[in-house]
Amino acid sequence: MNYDTIIIGGGLAGLVAGITLQERGQRTAIITTGQGALHFSSGSLALLSRDADGNPIEKPLEHIDSLPASHPYSKVGAAKAGEHARAVKALFERAGLSMLGSEDSNHYYMTPVGLFKSTWLSTADSAVSPTPDGSGWGRTAIVGIKGFLDFYPGFIADNLAKNGLKCEVAALTTPELEHLRKNNTEMRAPGIAKIMHGEALERFAKAIVAAAPGAETVIIPAVVGLDGQKDIDALRRFTGKNVICLSTHPISVQGVRMQLALRRYYEKMGGTYLLGDNVTAGYMDGDRLKAIDTANLGHGSLTARNFILATGSFFSRGLVAEPDRIFEPVFGVDVVTEGDRSDWFKENIFEEQPFVRFGVATDNDFRVKKDGKTIGNLYAVGSILGGCNSLKEGSGAGVAAVTAMEVANRLADK
Amino acid sequence: MTDHIKPPKRYDVVVIGAGATGAGTARDCAMRGLKVLLVERLDFTAGATGRNHGLLHSGARYAVTDGESATECIKENMILRRIAAHCVEETGGLFVTLPEDSLDYQKTFVESCLRAGINAEVIDPAEALRLEPAVNPDIIGAVKVPDGAVDPFRLTTANALAARQNGADILTYHEVVDFIRSGNRICGVVLRDHHTGELTRVECDIVVNAAGIWGQRIVEMAGAKINMFPAKGALLIFGHRVNNVVINRCRKPADADILVPGDTISLIGTTSSRIPYDQIDNMTVTPEEVDVLLREGIKIAPSLAYTRILRAYAGVRPLIASDDDPSGRSISRGIVCLDHAVRDGIEGFVTISGGKLMTYRLMAEWAADMVCKKLGIEGKKCMTAEIPLPGSDSSDSKEAHSRKHHIIDMSTDQRAAEGRHGSLSSEIPTGDVDDALVCECEAVSVGEVNFAIDKLHVNNLINLRRRTRMGMGTCQGGLCACRAAAILGDRLNCQQKALYDLASFVNERWKGMKPVAWGQTLVEAQFTSWLYEGMCGLDRYQNNEQGNKQ
């Protein structure tokens with residue numbers, strides 16, 4: 001099978017690239033081993049949240065010019081990064097997800113323990129606030145679910161109280177939830193979200209109203225809306241309240257919602273999404289990648305003019321660490337690291353960890369290198385790139401989306 | 001859940017240090033009718049007790065080099081199987097000869113074992129491979145010995161519970177900062193509460209120093225001197241149970257020659273290196289130590305080469321120089337029980353040290369014998385070898401036995417809890433919300449967490465991990481720590497303290513992962529960072545000093 005572009009890795013970066021290319025008339029395939037890291041995300045995507053000193057950034061685009069040259073954003077440039085960010089929000093909208101927020105100015109979302117973090121785009125049900133204190137929520141109640149352990153009303157209430165917002169705390173249950181609770185492993189966020197439709201959702205809404213009759217805003221765990229936003233909208237309609245959802249420990253319902261919506265939209269645009277497959281070999285023709293084999297499709301089965309590597313960082317196995325080396329497992333392309341393994345890590349997990357900056361070596365067009373030579377048609381996007389501490393600066397999702405958009409536009413223009 | 005004592009209170013004996021030896025000494029003294037206070041500057045098992053192989057030595061390891069220790073070991077081995085059944089796993093052990101080692105050693109080894117009373121049986125290597133498929137198939141010799149696995153956390157907790165059942169009081173996070181003296185007599189201790197900073201004076205007739213390697217400082221505080229020689233031993237924990245039988249390498253004791261299964265994991269160890277005394281609180285594992293452990297471990301069990309390593313840790317053996325040789329060339333590996341009245345002219349002060357986890361009960365017996373002798377108490381026989389520990393008691397185990405007959409009625413989580421707490425598991429609340437699962441890797445329920453908070457001296461997540469295994473599994477706390485912290489925050493009624501504690505727990509887990517952070521372990525570490533720093537913003541709670549002030 002021949003494609004214009006083959007994308008390896010089906011997370012946020014791979015899907016943004018795939019959708020953009022499909023929309024612009026290319027024929028593409030995404031090969032992905034598993035689900036992307038969105039499954040583990042907070043429901044909020046950050047573009048650039050903190051400066052080098054850890055202080056919150058209000059206007060992320062204004063900071064891009066001050067980033068080091070190795071940073072993926074520096075290779076894109078501030079003006080284009082802004083365009084891409086705007087285009088990503090519009091792409092989510094077309095995929096059926098109305099995201100809150102804008103690239104011009106960061107907003108805040110409340111974390112599972114009741115703190116506020118600066119961010120770029122949040123799912124429509126997220127607990128967002130223009131300032132880091134929950135102002136504008138009015139009378140607020142925190143409503144947990146009996147026997148559901150991934151929601152921490154005590155932490156949330158205490159931290160909100162420190163910001164001057166006193167909340168009532170309550171817990172609810174419904175017959176459907178009671179049934180689910182008989183099995184411990186079902187009593188997790190996606191397990192609940194799977195049953196939260198129709199009558200079960202209506203009963204859930206009634207229980208919320210009964211638990212917090214006087215509240216204008218109700219904070220619940222994110223356990224509704226695995227399958228798009230319609231159940232969230234229904235819940236708000238049924239309760240007549242501003243129901244906001246706090247992301248939970250994985251699997252994150254808000255993350256799955258984003259992943260599913262993007263994947264469906266990609267397929268609707270005619271893309272081929274090969275889930276559960278992985279690339280086993282690549283064939284070069286001079287300085288260009290010509291064809292690949294995959295585990296499921298076998299030898300010489302896939303050819304393309306261009307390839308995009310969007311396999312993520314260590315967590316997604318885009319990079320692999322062994323005691324004496326760090327490598328890129330699909331094509332063995334060059335990786336930029338520092339020192340030996342005693343230099344990779346710092347003693348305190350909250351310190352800036354050097355390994356987070358590691359990534360594949362690329363030229364200014366995001367083309368990867370192997371043995372020092374640029375591969376002319378193999379591009380890297382997303383968190384396999386390195387060159388920045390995405391955790392400390394809060395840029396993981398932004399780098400994924402913006403670099404994917406940049407490379408996809410270049411390829412579509414060709 | 002620390003016992004509240006109202007000062008000034010008088011005790012017969014104050015025991016310093018809640019490792020196995022200190023808890024065992026408190027139990028022994030309390031069972032002999034003495035009024036005991038056990039004090040610990042941190043948590044139970046925070047020292048060497050919680051940082052070893054968890055090997056129920058048959059004594060075979062020592063048979064060639066130290067016959068006396070070997071004999072003590074096999075006797076205590078048989079006693080622990082009786083009195084601490086819920087802490088012991090009767091796995092059996094093998095001493096295998098690798099192609100690179102000489103078979104000549106096997107003969108000396110077996111003779112020495114038999115002399116020490118250890119049942120060592122030479123078996124065919126093929127039979128060894130059948131008994132333990134994880135062993136290197138190239139072995140040229142094998143000997144079967146009665147090794148086993150022992151859980152030092154449970155063992156110490158059980159001793160502490162037994163002490164309390166016999167009237168002892170226990171204070172964790174209380175450090176002895178001074179002695180109360182009257183002339184040349186020690187007649188009490190001054191304690192500092194680590195949480196509040198408050199000082200308390202406690203009077204007593206005798207102080208027993210069971211502080212392990214930290215005991216040198218206690219002796220110095222009393223005005224005498226002993227020479228301890230800290231020997232660091234590093235170990236690796238593997239992500240699943242690679243072997244079901246203890247595998248030893250049949251050669252002169254050396255680095256990384258024992259692979260022990262314990263609960264859900266396997267452990268390879270140890271290295272042995274002398275460290276300066278001022279480094280005893282700084283137990284980081286070096287890359288060289290990791291490399292040695294892995295290289296030698298793979299020789300014993302080849303599958304370790306591709307088994308995930310959960311974490312690395314190190315402990316300090318408290319070796320003591322013989323009194324007649326303060327240079328340290330002659331080190332006693334056996335039990336050292338010092339009456340400082342005889343040795344240094346200090347009345348009311350006893351030090352129990354040396355020895356090993358396996359002989360903790362015997363050490364406690366010696367210390368309690370000395371206490372009784374000094375107090376002039378006669379006719380109080382040591383009963384610790386006869387009476388089972390809480391969790392292994394016969395009256396309750398009948399119920400446990402009958403429950404086993406209906407094992408199909410028990411959930412996996414209840415069975416896991418019974419494995420951990422023995423007959424005490426009947427006290428764990430079940431039903432309704434108590435059945436919800438906090439830690440999926442180790443099957444720890446809300447009920448078990450509440451039981452640990454109520455009954456087992458739990459103030460923080462590290463305490464909880466030591467009592468229940470919460471956070472010890474493959475996710476290393478990634479998923480369960482936040483759930484447990486939320487329960488602790490509610491129960492201890494201090495949310496901010498629980499959040500500081502959570503950040504410090506996540507960091508403590510990382511410290512053990514860092515030396516082996518590659519492959520899946522690095523994946524897990526990055527995941528944990530995303531969750532706790534990226535998603536939750538917990539980096540704002542990383543300064544634990546503030547946490548302690550809260």
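This passage describes internal cavities, aromatic contacts, backbone exceptions and selected distances in a predicted model.

The whole structure was searched for cavities of 30 Å³ or more, and 9 were found. The largest cavity has a volume of about 80 Å³. Its lining is made up of 13 residues. Closest to the centre are Arg154(B), Thr157(B), Ala158(B), Arg420(B) and His421(B). Three helices of chain B each supply at least two lining residues. These are helix H6 (152–165), helix H12 (412–421) and helix H14 (461–468). H6(B) gives the largest share, with 5 residues. By class, the lining holds 6 nonpolar, 3 polar and 4 charged residues. Two domains of chain B also meet the lining with at least three residues each. One is domain 1 (9–48 + 153–227 + 328–375), and the other is domain 3 (399–549).

Aromatic contacts come next. Over all chains, the count is 14 aromatic pairs. One of them joins Tyr152(A) and Phe155(A). Their ring centres are 5.9 Å apart, and their planes stand at 50°. Stacked pairs need planes under 30 degrees apart and edge-to-face pairs need over 60, so this pair is tilted. Tyr152(A) is buried, with a relative accessible area of 1%. Phe155(A) is buried too, and its relative accessible area is 1%.

A second pair is formed by Tyr266(A) and Tyr273(A). Here the ring centres are 6.4 Å apart. The planes meet at 70°, so the pair is edge-to-face. Both tyrosines, Tyr266(A) and Tyr273(A), are buried. For Tyr273(A), the relative accessibility is 7%. This value is under 20%, so Tyr273(A) counts as buried. Tyr273(A) belongs to strand E12 (residues 272–275) of chain A. Tyr273(A) can also be placed relative to Leu149(A). The two residues are 124 residues apart in sequence. In space, they are 35 Å apart, C-alpha to C-alpha.

One aromatic cluster includes residues of chain A and chain B. Its members are Phe314(A), Trp344(A), Phe345(A), Phe355(A) and Trp510(B).

Charged side chains also sit over aromatic rings. In chain A, the charged end of Arg237(A) sits over the ring of Phe238(A). The distance to the ring centre is 6.0 Å. In chain B, the charged end of Lys356(B) sits over the ring of Tyr62(B). That charged end is 4.4 Å from the ring centre.

The backbone has some exceptions to the usual pattern. Most residues other than glycine have a negative phi, and most peptide bonds are trans. A cis peptide bond joins Pro250(A) and Ile251(A), with omega about -5°. Ile251(A) lies in the loop between strand E11 (242–246) and helix H10 (253–268) of chain A. Another cis bond runs from Gly269(B) to Thr270(B). Its omega is near -15°. Thr270(B) is in the loop between strand E16 (265–269) and strand E17 (273–274) of chain B.

Positive phi values occur at Asp371(A) and at Ala256(B). For Asp371(A), phi is near 50°. This residue lies in the loop between strand E20 (367–370) and strand E21 (373–380) of chain A. The relative accessible area of Asp371(A) is 66%, so the residue is exposed. For Ala256(B), phi is also near 50°. Ala256(B) lies in the loop between strand E14 (246–249) and strand E15 (258–262) of chain B. Its relative accessibility is 0%, so Ala256(B) counts as buried.

A last position in chain A is Glu23(A), which lies in helix H1 (residues 12–23). At 30% relative accessibility, Glu23(A) counts as partly exposed. This value falls between the 20% limit for buried residues and the 50% limit for exposed ones. Glu23(A) and Gly96(A) are 73 residues apart along the chain. Their C-alpha atoms are separated by 15 Å.

How values were computed. Residues numbered from 1 in each chain as written. Chains lettered and ligands numbered in written order. Heavy atoms only, no water. 1 Å grid on protein atoms, 1.4 Å probe; cavity = no way out; pocket = protein on both sides within 12 Å on 5 of 7 lines; lining within 4 Å. Points joined across faces, edges and corners; volume = space filled by probe spheres on them. Helix = DSSP H or I, 4+ residues; strand = E, 2+ residues; numbered from the N terminus. Nonpolar A, V, L, I, M, F, W, Y, C, P; charged D, E, K, R; others polar. Domains from an automatic or database assignment. Phe/Tyr/Trp six-rings, centres within 6.5 Å; stacked < 30°, edge-to-face > 60°. Buried < 20%, exposed > 50% of the residue type's maximum accessible area, 1.4 Å probe, protein only. Lys NZ or Arg CZ within 6 Å of the ring centre and 35° of its normal.
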